Amino acid sequence: APTNQASSIAIPAAAQHSQPNTMTNKFHYYAATGRGHAIRLALSAANIPFEDEYPEGGFPPTAEAKDLWRSIGKNTTTNIPMLQMADGRVFTQSSAVLRAVARIGGLMPTDEGELYMTDKLLADAEDLRGEGYKSFVAWGATEEAVEAFINKVLPLHFGNLERQLKESTGDYFIGDSLTIADIACYDAITNFGSNRVIGSLDGFETLKAWVDKVESNEGIKNYMSSESFAGLWKFGPDTLGK
């Protein structure tokens, strides 16, 4: 969830859904999908073990939680989503963390043209994510904004993404291998789109088949069937007042 807005939605606190303290890489974020979902998926696809660290008290965060994040991440503005590695490295800011995980986990292409397409698709995903947040009724979206998102904005973004998927030389956005571009787009399409607007992928059959393919990735499949994922607050039709 956005960190700079008050919310009437109660996101669970740390004690309710934290994983057992058996892993050493720590991912600091709320017990929600939000801007942390793509990073968790990337860690899972790359088989990088991690444990979730949720703030005491949930969302919005307490002053103590913010102080803790600043002491770890060093940013005086915002730090989460934040990945604290077992070797002492710390990564902050969602897009930077996502790229770092991709490089560490072999999910980042190396070809110059493919790197451009990766950056472009990550930006496309962020555009959809941003539009999605504008449509949350709990954070002030009007009925008109919600209807515009459902009937105009979402189909527009789905169409643009499907166009690029069809232009790929393989089954994924960039060739025949899952990359960070797929994970970012998957998060935007499902977490901010089709999970909230049921049936919105109807008519986008290429995207729909690709969603199934991403979800068949062994690491992602295992994560999405885990208790940790089950315990997260997920964006559904209720975020649109439906």
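A salt bridge is taken here as a side-chain nitrogen of Lys or Arg within 4 Å of a carboxyl oxygen of Asp or Glu. The model is predicted, so that local features need pLDDT of at least 70 and side-chain atom pairs count only at pLDDT 80 or more, whereas totals for chains, interfaces and linings use all residues. Residues are numbered from 1 along each chain as its sequence is written, and side-chain values use heavy atoms, with hydrogens and water left out.

**Exercise 1.** Determine which parts of the chain the salt bridge between E147 and K242 ties together.

*Solution.* Begin with the pair itself: the side chains of E147 and K242 meet at 2.7 Å, N to O. Next, place the two residues: E147 belongs to helix 6 (residues 143-167) and K242 to the segment after helix 10 (227-230), so the salt bridge links parts that are 95 residues apart in sequence. Helices (H or I, at least four residues) and strands (E, at least two) are DSSP runs, numbered from the N terminus. Finally, consider accessibility, where buried means under 20% relative accessible area, exposed over 50%, and partly exposed in between (1.4 Å probe, protein chains only): E147 is partly exposed at 28%, while K242 is exposed at 56%.

**Exercise 2.** Contrast this with the salt bridge between D67 and R70.

*Solution.* The D67 and R70 side chains come together at 3.2 Å, N to O. Both residues lie in helix 3 (residues 63-73), three residues apart, which means that about one helical turn separates them. D67 is partly exposed, with a relative accessible area of 46%, and R70 is likewise partly exposed, at 32%.

**Exercise 3.** Describe the surroundings of N25, and decide whether N25 is buried or exposed.

*Solution.* N25 sits in the loop between helix 1 (14-17) and strand 1 (26-28). With 10% relative accessibility, N25 counts as buried. Its side chain reaches the backbone oxygen of P49 at 2.9 Å. Leaving aside neighbours within four places in sequence, the residues in contact with N25 (heavy atoms within 4.5 Å) include I48, F50, Q84 and M85.

**Exercise 4.** Identify the helix that contributes the largest share of the largest nonpolar core.

*Solution.* A nonpolar core is a set of buried Ala, Val, Leu, Ile, Met, Phe, Trp, Tyr and Cys residues joined through side-chain atoms within 4.5 Å. The largest one has 74 residues, and F173, I183, I189, L207 and W210 have the most contacts inside it. Its largest share, nine residues, comes from helix 7 (residues 180-194). Taking L207 as an example, and leaving aside neighbours within four places in sequence, its contacts include F158, L161, F173 and I189.

Technical notes: Polar contact = N/O pair within 3.5 Å; in protein donor to acceptor, adjacent residues only side chain to side chain.
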